[in-house]
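Me: I have a protein model open and would like to learn how to read it. Can you take me through some features one by one?

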Amino acid sequence: MAAKTRLNAPSRRAFLQSSLAGAALLGAMPARGWAQDAKPLKVAGIYTVPVEQQWVSRIHLAALAAQDRGDISYTYSENTANTDYPRVMREYAEGGYDLIVGEIFGVEQEAREVAADYPEVAFLLGSSFKPDAGIGNLSVFDNYIQDASYLSGIIAGSMSKSGNIGMVGGFPIPEVNRLMHAFMAGAREMNPDITFQVAFIGSWFDPPKAKETAYAMIENGADLLYAERFGVSDAAKEKGVLAIGNVIDTQTDYPDTVVASAIWHFEPTLDHAIEQIRAGSFSAADYGMFSFMKEGGCSLAPFGTFEGKIPQEALDKVNAQTAAIMGGSFTVEINDAEPKSS
């Protein structure tokens, strides 16, 4: 299956909300016909960006780990354009794959129609919408790593001297917005008067544009950057300011720049799907919870070269809030609204 061109700007809100009216009946359609023997499941990944991109890389790594364990055999298509996504889904479904993973943020309606045509194939797809009980073989997920993002914000708030933080995102959509809000909440715990510059570049993978946007924020007084996109940490490094990473750990690549990172672990999400398929019980469900810190779905990366350089007050706060999150006495707010500059 040939890889296609880069993702275009998503039109996800064009998806008909009415098609999800039955979501309250989740689990009503059990999975049917999936192999339950011990041989590896055939799994295909369909990605709209390169597998090196932050978000997709975490899915890719989890699939490779499952393949190394012998649980699955794995292949994938990257750089698949939204216009080609349904066709590629059909090709893999026709090819006898047990599970198809990917992200359908720009093709919600079309992708769900394809899944409905192949009830014997399990689909686990990144989406801003909930599962539809009428399509019992399609489960959705998202990177709900607000717990780790909040903790990284605490670190950021303690490290910014100017009290001015720049935040560069891809698109103002729920899975970006919620992480930014959590980060901002953490930063405000260390400095209630901190201000934020917020911008979106309109792309999931455009490092030059992200870099230029970050330059402008530094010119406007930011001494720390939230690097939701590739390219931001490069600007921070060149201008001698600090950065906070997102989804992946880039500390070794930017040892004097990246202080902390909120890491997404896709393994709990994928492993649960594999278990459900083997048990013959895969059905329409929301896998978002498997990205929560309590489920092992996210964490704060090691501080690396910044060990000993972060204020102890911030470290104490991080440790206390981590324990509270894991123990259930504190819940990080999930706010999907578009964040604004302050």
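Reply: We will go through cores, helices and strands in turn. Keep in mind that this is a predicted model.

Me: Let's start inside. Which residues have the most contacts inside the largest nonpolar core?

Reply: The general idea comes first. In soluble globular proteins, nonpolar side chains tend to be buried together. Now the case here. The largest nonpolar core has 73 residues. Ile155, Ile165, Met167, Phe183, Phe196 and Leu270 have the most contacts inside it. Helix 5, residues 174-190, gives the largest share of this core, with 8 residues. Apart from this core lies another one, of 21 residues. Tyr92, Ile100, Tyr118 and Leu138 are among its members.

Me: Take one residue, then. What is Leu270 in contact with, beyond its neighbours within four places in sequence?

Reply: Leu270 touches Ala62, Ala63 and Ala66. Leu99, Val101 and Leu124 are also in contact with Leu270.

Me: Now a helix. Which residues of helix 2 are buried?

Reply: Think about the geometry. An α-helix has 3.6 residues a turn, so residues three or four places apart point the same way. Now look at helix 2, residues 85-94. Its buried residues are Tyr85, Pro86, Val88, Met89, Tyr92 and Ala93. They cover an arc of only 160° around the axis, which puts them on the same side of helix 2.

Me: What covers the buried residues of helix 2?

Reply: The cover includes strand 1 (41-46), strand 2 (72-77) and strand 3 (99-103). Helix 3 (108-117) and strand 4 (122-126) also take part. Look just past the end of helix 2 as well. There Gly96 has a positive phi of about 85°.

Me: Is strand 4 buried or exposed?

Reply: Check which way each residue points. Ala122, Leu124 and Gly126 point one way from strand 4. Phe123 and Leu125 point the other way, and all of these are buried. That is 5 of 5 residues, and strand 4 is mostly covered.

Me: Which strands are joined to strand 4 by bridges?

Reply: Strand 3 pairs with strand 4 in the parallel sense, over 5 bridges. Gly102 stands opposite Leu125 there. The chain goes from strand 3 through helix 3 to strand 4, a right-handed β-α-β crossover. Strand 5, residues 138-141, also runs parallel to strand 4, and 4 bridges join the two. Ser139 in strand 5 is the bridge partner of Leu124.

Me: There is an open sheet of 6 strands to read too. What is the order of its strands?

Reply: Read across the sheet, not along the chain. The order is 7-6-8-9-10-11, and the pairing is mixed. Strand 7 (195-200) and strand 11 (298-300) are the edge strands, as each pairs on one side only. From one strand to the next, the twist averages 15°. Inside the sheet, strand 6 (residues 164-169) and strand 8 (residues 224-227) run parallel, joined by 4 bridges. Met167 stands opposite Tyr226 in strand 8.

Me: Let me try the helix idea again. Which residues are buried in helix 7?

Reply: In helix 7, residues 232-239, these are Val232, Ser233, Ala235 and Ala236. Seen down the axis, the buried residues of helix 7 fall within an arc of 155°, so they line one face.

Me: What do the buried residues of helix 7 pack against?

Reply: Their partners are strand 6, helix 6 (207-219), strand 8, strand 9 (242-247) and strand 10 (258-264). Just after helix 7, Gly240 takes a positive phi of about 75°.

Technical notes:
Residues are numbered from 1 along each chain as its sequence is written. This is a predicted model: local features need pLDDT of at least 70, side-chain atom pairs count only at pLDDT 80 or more; totals for chains, interfaces and linings use all residues. Side-chain values use heavy atoms; hydrogens and water are left out. A nonpolar core is a set of buried Ala, Val, Leu, Ile, Met, Phe, Trp, Tyr and Cys residues joined through side-chain atoms within 4.5 Å. Buried means under 20% relative accessible area, exposed over 50%, partly exposed in between (1.4 Å probe, protein chains only). Contact means heavy atoms within 4.5 Å. The arc is that of the directions from the helix axis to the C-beta atoms. Two strands pair if DSSP finds at least two bridges between them. A crossover is right-handed if, with the strands pointing away from the viewer, the path from the first strand over the helix to the second runs clockwise. Axes are lines fitted to C-alpha atoms, for helices over the stretch in contact, and angles run from 0 to 180 degrees between N-to-C directions.
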